[in-house]
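Me: Walk me through the inside of this protein. Keep it brisk.

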Amino acid sequence: MRLRTFESFWLLKNGLLYTYPSLQNNIKTEILVIGGGITGALISDALMDAGYEVTLIDRRDIGQGSTSATTSMLQYEIDEPLKDLAKKIGEEAAALCYQEGIIAIQDLKKLVKTKKLNCGFQMKKSLYIAHNKTAAKELYQEFEIRKKYQLGVKWLEANAIKKTYGIVSQGGILSDTAASVDAYQMAHELIAFNVKRGMKVFDQTEIKSIQDQGTTPKVITQENHTIRAQKIVFCTGFESLNLLKEKVADLIYTYATVSEPTQTYNKNLEKILIWDTQDPYLYMRTTDDGRFLVGGEDSVYKDTILQQNIKEEKSKTLIKKLKKTLPDLDFIEDISWGGIFGTTKDGLPYIGESPEYKNCLFCLGFGGNGITFSTQGRKIIVDLLQKKENDLVPYYRFGR
């Protein structure tokens, strides 16, 4: 058995695709994007499309943060069920957030096709399954409200799910719109695309201080070089929590394991993303190179030297749960890993201005579907810069 648990599957699969120089002089730019993961890649691309002069920096190599650890399941669903989110922000507002998730996945498909990005993007369906009879009753209520707002859903009984996919459940919601991608590869491809059309990128560039007073903010690097910008856009994910006094998210550690690429499985599984109603929930999908990936077992983040042992135990638990859900799947583990992400009180991201910083914007796509949130952030950030209204801003704002 091969267990390589220090690095994620995506990093081992792809290696270091592109490298960039560190910043070694003082520069000026119209917009500075901080963060070279999938969010920074998506936002900087939108800014380039809008005609801005953009510089992107990261303290690591590109894509080496959460992007290298994500399972890259692209879903319109929010971690907070629609029926529960409706109680917090209103039914129509909650439905809007879900509807925008569908649009975001379609936008990503268009982006990948238009810019010819090699990133394993595949349109799929999403299957949300009940793990017991009690959960099935609540899940059917979720189905009804999604159907009311025409989110492209169908209810499948347990026997139909077992017959079609080989999955043991108590019924589930089949959604028309979902996708999978290699987010690490996509981030690299998108940034390289924009470098060719003039974007400046500096990795291994650590920030010492941010000065946001006056008309233009200024970043001082650890090497004492200065970046002056008209606007700064933070795309730094959970690491933004160190910058903010407002508690916008809790840190969670999630785990994943992927099989060897020679697995035999029900080919219908290639058409769907799977997640269930357990807490924490189990999520599964195939990869574009013929593997099966399973993740979950989320726990509160703790920085501990025992993380390696914890990951190995979590991996065993994931495989045990997987075999209960897919008893006919022959899963031979190849690579397992863990990663940190942020989760918010309402399952929604924080995109927009923070009162704590002047001339700065944030795109923080917290939660299980951060990539679709970041895709929505492409339009939100540009709209805010251009003083245009955006219907999502009130629900994704700071101080909510």
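Reply: Below come questions on the core, one pocket and one serine. This is a predicted model, where local features need pLDDT of at least 70, side-chain atom pairs count only at pLDDT 80 or more, and totals for chains, interfaces and linings use all residues. Residues are numbered from 1 along each chain as its sequence is written, and side-chain values use heavy atoms, with hydrogens and water left out.

Me: Which helix gives the most to the largest nonpolar core?

Reply: A nonpolar core is a set of buried Ala, Val, Leu, Ile, Met, Phe, Trp, Tyr and Cys residues joined through side-chain atoms within 4.5 Å. The largest has 74 residues. Helices are DSSP runs (H or I, at least four residues), strands likewise (E, at least two), numbered from the N terminus. With ten residues, the top contributor is helix H4 (residues 91–114).

Me: Is serine 8 buried or exposed?

Reply: Serine 8 sits in the segment before helix H1 (9–14). Beyond its neighbours within four places in sequence, serine 8 is in contact (heavy atoms within 4.5 Å) with Ser68, Ala69, Ile335 and Trp337. Buried means under 20% relative accessible area, exposed over 50%, partly exposed in between (1.4 Å probe, protein chains only). Its relative accessibility is 5%, so serine 8 counts as buried.

Me: Which residues of valine 233's surroundings does it contact, leaving aside neighbours within four places in sequence?

Reply: Valine 233 is one of the residues with the most contacts inside the largest nonpolar core. Its partners are Ile31, Leu32, Val33, Ile34, Ile43, Leu47, Leu361 and Ile381.
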